[in-house]
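Dear colleague,

I am passing on the structure we spoke about, and I would be grateful if you could look it over alongside the notes that follow it.

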Amino acid sequence: MINRLAIVVVVGALAFAGCSSDLPDDKAPSGGSPSSNEASSSSDAGTSKFFDQAEYDRQLAFRNATPEGPAGKPWEQMLQPEMVDTAKFAKPGGKYTFCFSNASVDNPWRQVGYKTMQQEVKLHPEITKFTVLDAEAKDDKQISDIQSLSGQNCSAIIISPNTTATLTPAVEQACKTGVPVIVFDRGVNTDCQATFIHPIGGFAFGADGAEFLKEKVKPGGKVLALRILPGVDVLEQRWAAANQIFAGSELKVVGVKFTDGDAAKTKSIVTDYIQREGQIDGVWMDAGATAVAAAEAFQDAGVAVPAIVGEDQQDFLRLWADEGLTAVAPTYPTYQWRTPIIAALKILKGEQVPKEWVLPQPRITGDTVKEYVKQDMPPLHYAMCGCEGMPGYPGPWK
């Protein structure tokens with residue numbers, strides 16, 4: 001089966017249905033997409049090549065599914081798993097060399113995740129060597145990296161692909177070595193890997209924010225949608241879900257703007273819309289790294305911050321808790337970086353694992369936000385790291 005989160009017709013959302021942008025979740029397209037200043041807004045999400053009704057329904061249903069696995073350890077839990085036999089990979093005795101081809105560590109989310117993965121490795125003395133190659137967000141480098149790792153006597157190869165289609169042949173070649181391959185975070189267009197690990201997906205993320213605004217903003221209210229980049233599966237799926245929900249509501253989406261993930265640009269866009277519209281009643285975002293900048297634009301204008309969608313980074317959670325904002329934080333939890341290490345160990349012991357390991361994808365609400373505020377952590381530390389109980393916390397994450 002082709003991984004549903006790897007192709008746009010299949011998933012697309014952190015997306016990993018008929019076509020794929022072949023772009024990582026943090027990379028801009030080289031051309032052929034709307035400019036970073038404007039976003040085309042269709043009132044019919046169903047016309048988007050990134051919208052797939054079956055996958056949309058699947059992900060939204062996953063939000064209410066009861067996970068299997070140990071309580072309090074969502075990085076070990078799984079949603080409706082179809083287990084597969086891994087006996088052919090069994091290699092008892094330990095002294096494992098784990099090899100990791102990482103797309104990049106070029107943003108805070110990936111940095112927090114990678115630190116968490118490193119600490120997970122330290123918990124398992126049977127892993128005697130951890131070899132990591134950073135592709136620096138470059139496809140050709142990652143292809144070369146995977147080829148290099150395939151010849152280094154690895155016990156397991158873990159891959160977070162930089163892009164989908166371009167990295168697929170490299171992953172397939174790694175699978176041919178007979179070494180178990182674990183793909184996580186972003187998908188590829190093959191099912192040769194022993195397991196593919198990811199949270200629920202982008203439709204669920206986008207829907208969480210849009211449903212919240214539909215509930216909190218009065219009919220006829222004006223919503224500003226802020227996006228990072230066009231043409232990226234992970235982000236396009238989030239917007240396709242939100243657009244679907246807004247189209248079925250009485251809310252008025254007055255603007256869909258790309259911010260390039262830049263705080264100053266975000267603040268400028270929001271300020272412009274406050275002046276243009278007179279009032280903005282809700283802000284939807286496809287990623288929350290600049291949510292604080294969006295909120296500050298309202299504060300600078302001397303008006304109340306409206307209902308807003310952010311994410312689980314500390315600066316936003318603190319502002320939310322301190323100011324009593326009306327907010328929600330969908331998450332793409334960084335605790336998923338622990339799971340590939342755990343999965344690789346299970347596979348090398350010949351234990352069954354899910355072919356598609358779908359992790360819970362929680363959201364933070366007004367009732368729970370204070371539980372996730374960590375005043376002593378950096379502003380862009382992600383709360384869903386699953387790292388608080390790990391030895392040495394919080395040192396490595398600072």
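Below is what was found in it, beginning with confidence and then going through helices, loops and single residues.

Please keep in mind that this is a predicted model. Its mean pLDDT is 89, and 88% of the residues reach 70 or more. Over residues 1-46, however, the pLDDT is below 50, although this stretch has 163 contacts in the model beyond near neighbours in sequence. Where pLDDT is low, the predicted coordinates should not be read in detail.

Among the helices, H7 can be described from end to end. Helix H7 covers residues 263-277, and its 15 residues reach 21 Å from the first C-alpha to the last, close to the 21 Å expected at 1.5 Å a residue. The N-terminal end of H7 is capped by Asp262, which places a side-chain oxygen 3.1 Å from the backbone nitrogen of Ala264, while just after the helix Gly278 takes a positive phi of about 85°. The buried residues of H7 are Lys265, Thr266, Ile269, Val270, Tyr273 and Ile274, and what covers them includes strand S7 (222-227), strand S8 (252-258) and helix H8 (291-300).

A second point concerns the pair formed by helix H5 (residues 202-216) and helix H6 (residues 233-247), whose axes come within 7 Å and cross at roughly 35°; the crossing is right-handed. On the H5 side, the residues that meet H6 include Gly202, Phe203, Gly206, Ala207 and Ala210, and on the H6 side the partners include Gln237, Arg238, Ala241, Ile245 and Phe246. Both helices also serve as packing partners for H1, since the buried residues of H1 pack against H5, H6 and strand S13 (356-359). Those buried residues of H1 are Glu55, Tyr56, Arg58, Gln59, Leu60 and Phe62.

Strand S13 brings us to Trp357, which lies in that strand. Is Trp357 buried or exposed? Trp357 counts as buried because its relative accessibility is 0%, and buried here means under 20%. Leaving out residues up to four places away in sequence, Trp357 touches Trp75, Glu76, Gln77, Met78, Thr195, Phe196, Ile197, His198, Thr339, Ala343 and Lys346. One of these, Phe196, is 161 residues from Trp357 in sequence, yet the two C-alpha atoms are 5.8 Å apart in space. Another, Gln77, has its backbone oxygen 2.8 Å from a polar atom of the Trp357 side chain.

Two residues that are not glycines have a positive phi, and you may wish to look at them side by side. Gln80, with a phi of about 45°, is in the loop between helix H1 (53-62) and strand S1 (83-84). Asp185, with a phi of about 75°, is found in the loop between strand S5 (181-184) and strand S6 (195-199). Gln80 is exposed, with a relative accessible area of 54%, whereas Asp185 counts as buried at 0% relative accessibility. The loop between S5 and S6 also holds Asn189, which is partly exposed, with a relative accessible area of 23%; the C-alpha atoms of Asn189 and Val171, 18 residues apart along the chain, are separated by 9.3 Å.

Around helix H2 there are a few further details. Ser104 has its place in the loop between strand S2 (96-102) and helix H2 (108-122), where it is buried, with a relative accessible area of 1%, and its side chain is joined to that of Asp106 by a polar contact of 2.8 Å. Within H2 itself is Val121, also a buried residue, with a relative accessible area of 10%. Apart from its neighbours within four places in sequence, Val121 is in contact with Ile127, Phe130 and Ile341. From Val121 to Phe98, 23 residues away in sequence, the C-alpha to C-alpha distance is 9.0 Å.

Finally, the peptide bond from Tyr393 to Pro394 is cis, with omega near 10°, and Pro394 has its place in the segment after helix H11 (369-372).

With best regards

Terms used: Residues are numbered from 1 along each chain as its sequence is written. This is a predicted model: local features need pLDDT of at least 70, side-chain atom pairs count only at pLDDT 80 or more; totals for chains, interfaces and linings use all residues. Side-chain values use heavy atoms; hydrogens and water are left out. Helices (H or I, at least four residues) and strands (E, at least two) are DSSP runs, numbered from the N terminus. The expected span of a helix is 1.5 Å times one less than its number of residues. Buried means under 20% relative accessible area, exposed over 50%, partly exposed in between (1.4 Å probe, protein chains only). Contact means heavy atoms within 4.5 Å. A polar contact is a pair of N or O atoms within 3.5 Å; within protein, one must be able to donate a hydrogen and the other to accept it, and residues adjacent in sequence count only if both atoms are side-chain atoms. pLDDT is the predictor's confidence in each residue, from 0 to 100. Axes are lines fitted to C-alpha atoms, for helices over the stretch in contact, and angles run from 0 to 180 degrees between N-to-C directions. A crossing is left-handed if the near helix is turned anticlockwise from the far one by less than a right angle, and right-handed if clockwise.
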